[in-house]
Structure formats: structure tokens, C-alpha cells
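Subject: Handing over the structure

Dear colleague,

I am passing on the structure we spoke of, and I would be glad if you could look through it with the notes below at hand.

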Protein chains: 2
Amino acid sequence: MESYKHFLAVLSAAAAFGIVSIIFVLRWVLHYREGLAWDGGLGEFNWHPVLQISGFIFLNGAAIIVFRLPWTWRCSKLIMKFIHAGLNLAAFICATISFVAVFDFHNAAQIPNMYSLHSWLGLAALVLFCLQIVLSVIIYLMPFSPASWRAAFMPLHVFFGRSLFGSVIAVALMGITEKLIFGLSNPKYKDSPPEAVFVNVMGVLLVAYGVAILWISTRTSWKRPNDLALHTQHTSGGGEDNIKVGSSLSQLSDEAEAEGHVDVRRRGHKLDDQAD
Amino acid sequence: MESYKHFLAVLSAAAAFGIVSIIFVLRWVLHYREGLAWDGGLGEFNWHPVLQISGFIFLNGAAIIVFRLPWTWRCSKLIMKFIHAGLNLAAFICATISFVAVFDFHNAAQIPNMYSLHSWLGLAALVLFCLQIVLSVIIYLMPFSPASWRAAFMPLHVFFGRSLFGSVIAVALMGITEKLIFGLSNPKYKDSPPEAVFVNVMGVLLVAYGVAILWISTRTSWKRPNDLALHTQHTSGGGEDNIKVGSSLSQLSDEAEAEGHVDVRRRGHKLDDQAD
């Protein structure tokens, strides 16, 4: 019960940080900047931060924690996988459109593309995110994928999912820095006009959103309990050989399969493990 | 054995990324920039990236994984705690000197301090890193700290340790972006002169270092085995009550204490757990 209150508190904080970040980026482009358009001008460029924050960051963060929402635990794992994949696909589409917006703007304004560290890391993140989606769909949603592949890939899927999420926030912070330096001329960024302070606060909110999402996603005790219950059921009756992935375990969730190689978890403890 | 080879491969990659990053930042300031000095000028500013990368990032990364080096497993846990704390303290001192360098430079050049998102997040990271060190020394190195505190704080210590490490790399990437925009005038950053490409590559190396360190630090199977062996010894003989932290467990390592609340781990499996 206490753990549930803690979960709700962190989830509410994450939702608040994420939603307020989206409100901030909309106010930034609509109030302080040139608004939104699709004409190769600054209004088109402005889709870049809007879609990155509301799409690539917010939706990806939601996808990362969607399995942990207690009110989804009665849904089948397959439905939850589709929701997880759907949110990530939506995040990828937003990110791709936002890249098109910035390339269009650069081409129209005769600004070179892909010269900055922000652009290098941003494109790398997009390509790796695409690779993660393709591999994950093949491995976790295609019926022909062997359970051993699903188990072997899960640590990579989880680690690189979280790493990409953190990296995209870092890339966004670099982009915010670039835009405030290039976009503010009189007064300049260093003179701290209201827009600069406002957008700095947005950057802090993005970091807070990232930390809250990563905290939720790394607490073992907040996992879907049915995976773990199934898992315990299959592992409590024998030695390590029983834990190995085989045809008899194919109905287990992928996450539980991955855990099956490593440890036997017990439910009902009050504290989280140190690092999930 | 295979896991050990995997560990050595990732460790070697992390060391290579980290050391090459330090070589890159030294070449950047010594070859492309104004060198190093302590005179309030650009030479003093240049200590900022050098000390951030070689100190705050490289040493902190080393501190994070020092418990995982197999050749240290014969050392006592207390000695390893002192090495971990010492590396982090050295990282903090480097970071503090690098902050003094940039404030000195700004003051001499009449550039405002603390206006950018880079400076906000950088100062926040330094303050939180200091808080983490102070709390950790009190909780893990002072003999009067109760074992229950050590266990309760460990998930926070580990999570915020990794989060701060990732955040400092993100802040460095923002700083690199600022410096390349402000420092390159003819040709500009957007014209991709050799310095810009060189420093962009350094940014990619920093990200690679961060990913390698976080991969090493999140693989449960690469933990110090003696903590886990002790832990198994204390937990295998009874129910959950036996796992609770009490005076009889005070000789256990702090990490094992923290884990004791949550799960019973088994050694010798080939795969890592999904997220440590």
C-alpha cells in the first residue's frame, strides 16, 4: 500500500513534468517565437522542438513505464506489448517529422545540415531507435521468434531503451542551447531575457521528467506482478535447470523469461532492490 | 569464463573511450585553442573542459565500476569503499576547480555567470554530487550509521549516482555545443572546420564512455561475488524474516543488505538480468 502511494506520487510527478514541458514548448513557439507553419520558414522549424518534446520524449517515456501501471495488469501482456510498441512507433513518427521540419528549414535558409554535435547525436538516436523498434517487433511480436532469442535480447532491449530515452533528452538540451544562442539577438541569451529563463526552466522540467521515468522503470517491486507470479511458479519447484528457457516456459512473458536466467525474486517486500 | 571475456571487452572499450576523450580534450585546448593558464583569460577557461572530462566524467565513471573489477574482489569491502569515495572526491575537486576557472574567466571578461541552461544544470549536478558524497560518507563510512539506513539509502545512492553520471555527460555535451558556437567565428561552427569535427567526435566518445560504464554497472552477474555469497548464506536458511536487516547481518556489505529486502539471487547463470 505504501509502495503503491509512492508509485502514484512518482507517476503523478512524471506526468506533471512531462505535460508541463509540452505546455512550455507550445508557449515557447507560439508566444515567444514565430508560431507553427509548414512553409520552410521558422514556423516549420518550430515543429522540431514541439514534436521532439511531445513525441520523441514524452511518448517514449510513457511507453517505457506502461507495463508498470497497476490498472493495466488485468490486460493481457500481448495487448500491453502492442500499446508499448504503438507509443514507441508514434514517438518515432513524431521524431521523423520533426527531422523533416528542420531539414526543410535548413535547406530553405541555406544553413548546412548535420554539422553540429546535436545533429550527429540526434540522427544517431533516431536510427538506433528505429533499429530498436524493428528488432523488438521481430523478436517480441512475431510468433516464430524462439523464446531463447526473446530472453537473450531482453537485457539489451531494456538497457538500450532506457539509454536512448536519456540520450534523446540530452540531445534536446543541446538543441535548446543552440536555439537560444542563435535565436536571441537583442537581448542576447547571456542577458537572460524572459524567454531565456522560460526555456531554461523547460530544460530543467525535461530532466525531471527523465529522472522520474527512469526511477519508475528501474524499481523491481513495481513490475507487473503476474509475470513474476508465473515466474515464481515455474522456478520454485526445482534447481537451476528448471529456470532455463524452454518450450514449457514459452507462455511466460518475455520479461519474466529474461529474469529466469538470473534470479528468483520474492514478492511482498517493502523496499525496492538497489537497481532493478 | 565467457562472461569474464565479455566484461573485459566492455571494460577495455570503456577505458579506451574515456582515455581517448581525455587525449581529445587536451589536444583541443592545446592545439586548437589557447592552451592552459591561470590568468583569467581563455587559457584559464580551458581548464573547464579538461577538468570536467578527465575529472568529473572519467573519474566518476571509474568510481562507479570499481567494485566490479574482479582483481579487486580479494580486497576488503571497506578498502574498496574508500577507493570508490576517493575517486568520487577527486572528481568533485576537479569539478569545483573547473567551476572556479569558468567563473574567473567570465568575471574577467565581464560575461554574466549562470545565465545558460548548461550552467543551471551543471551547478545543480555539482551541488547534488556534493550532497551524494556527504550523505554517502555519513551513511556508509561512519560506524554509527544503522544498517537499516544503509539498506534504505542504497537504491537512492545507486540510482542517483548513475543519473548524475549521465547528467554530467549531458551537461558536457551542452557545454561543447556552446563553446563551438561561441569559439568558432571564421570559419563558423556551421562550416564544419576541422576543430568542429574533432570536438564533435569527442562528444560521441563521451557518450560511448557513458554507455559502456552504465552497461558494466547494471549487469548483476558482474557484481562482487563475495557480497552475494554472504548474502545467499544468510538468506537460504529461512523465510523472509531472516532476510530483514538486523544486527546479525551487520557484517554484510551494504549492497547485499539492500538486496536482502528484495530477492534471492543465484550465481553462475550465463545471462545477466534484464536491468540489474
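What follows is an account of what was found, moving from the chain as a whole to individual residues.

Please bear in mind throughout that this is a predicted model. Chain A contains 10 helices and 1 strand, and the order of its elements from the N terminus is α-α-α-α-α-α-α-α-α-α-β, with the strand coming after the helices. Of its 276 residues, 55% count as buried, and the accessible surface of chain A amounts to about 11500 Å², 68% of which belongs to carbon and sulfur atoms. If one takes the contacts in chain A between residues at least 6 apart in sequence, 73% of them join residues at least 24 apart.

As for annotation, an unreviewed UniProt entry assigns "domain: Cytochrome b561" to residues 13-218 of chain A; in the model this span is 79% helix and 0% strand, and its end C-alpha atoms lie 16 Å apart. The unreviewed UniProt entry also gives "transmembrane region" for several stretches of chain A, including residues 82-103 and 123-144. In the model, residues 82-103 of chain A are 100% helix, with 31 Å between the end C-alpha atoms, while residues 123-144 of chain A are 86% helix and 0% strand, with their end C-alpha atoms 31 Å apart.

Helix α4 of chain A, which runs over residues 77-109, has 33 residues and reaches 48 Å from its first C-alpha to its last, close to the 48 Å expected at 1.5 Å a residue. Within α4 of chain A sits Leu87(A), which counts as partly exposed because its relative accessible area is 22%, the cut-off for buried being under 20%. Neighbours within four places in sequence aside, Leu87(A) is in contact with Leu59(A), Ala62(A), Ala63(A) and Val66(A), and its C-alpha atom is separated by 9.6 Å from that of Phe58(A), 29 residues away along the chain.

Directly after α4(A) comes Gln110(A), in the loop between α4 and α5 of chain A. Gln110(A) is not a glycine, yet has a positive phi of about 55°, and with a relative accessible area of 73% it is exposed. A comparable entry for chain B is Ser192(B), also a residue other than glycine, with a positive phi near 50°; Ser192(B) lies in the loop between α6 and α7 of chain B and is partly exposed, at 32% relative accessible area.

The loops between α6 and α7 deserve a look for another reason. A cis peptide bond, with omega about 5°, joins Asn186(A) and Pro187(A), and Pro187(A) is placed in that loop of chain A. In chain B, Asn186(B) and Pro187(B) are likewise joined by a cis peptide bond with omega about 5°, Pro187(B) being in the loop between α6 and α7 of chain B.

Turning to the interior, the largest nonpolar core has 115 residues, of which Ile57(A) and Ile57(B) touch the most other members. Residues up to four places away in sequence aside, Ile57(A) touches Gln52(A), Phe165(A), Val168(A), Ile169(A), Ala172(A), Leu206(A) and Tyr209(A).

One charged residue may also interest you: Arg150(A), in helix α6 of chain A, counts as buried because its relative accessibility is 14%. A polar atom of the Arg150(A) side chain lies 3.0 Å from the backbone oxygen of Ile139(A).

With best regards

Key. Residues numbered from 1 in each chain as written. Chains lettered and ligands numbered in written order. Predicted model: local features only at pLDDT ≥ 70, side-chain atom pairs only at ≥ 80, totals over all residues. Heavy atoms only, no water. Core = buried A, V, L, I, M, F, W, Y, C linked by side-chain atoms within 4.5 Å. Buried < 20%, exposed > 50% of the residue type's maximum accessible area, 1.4 Å probe, protein only. Contact = heavy atoms within 4.5 Å. UniProt positions renumbered as here; feature names shortened; annotations may be inferred. Helix = DSSP H or I, 4+ residues; strand = E, 2+ residues; numbered from the N terminus. Expected span 1.5 Å × (residues − 1). Areas by Shrake-Rupley, 256 points an atom, 1.4 Å probe, with all protein chains shown as cover. Polar contact = N/O pair within 3.5 Å; in protein donor to acceptor, adjacent residues only side chain to side chain.
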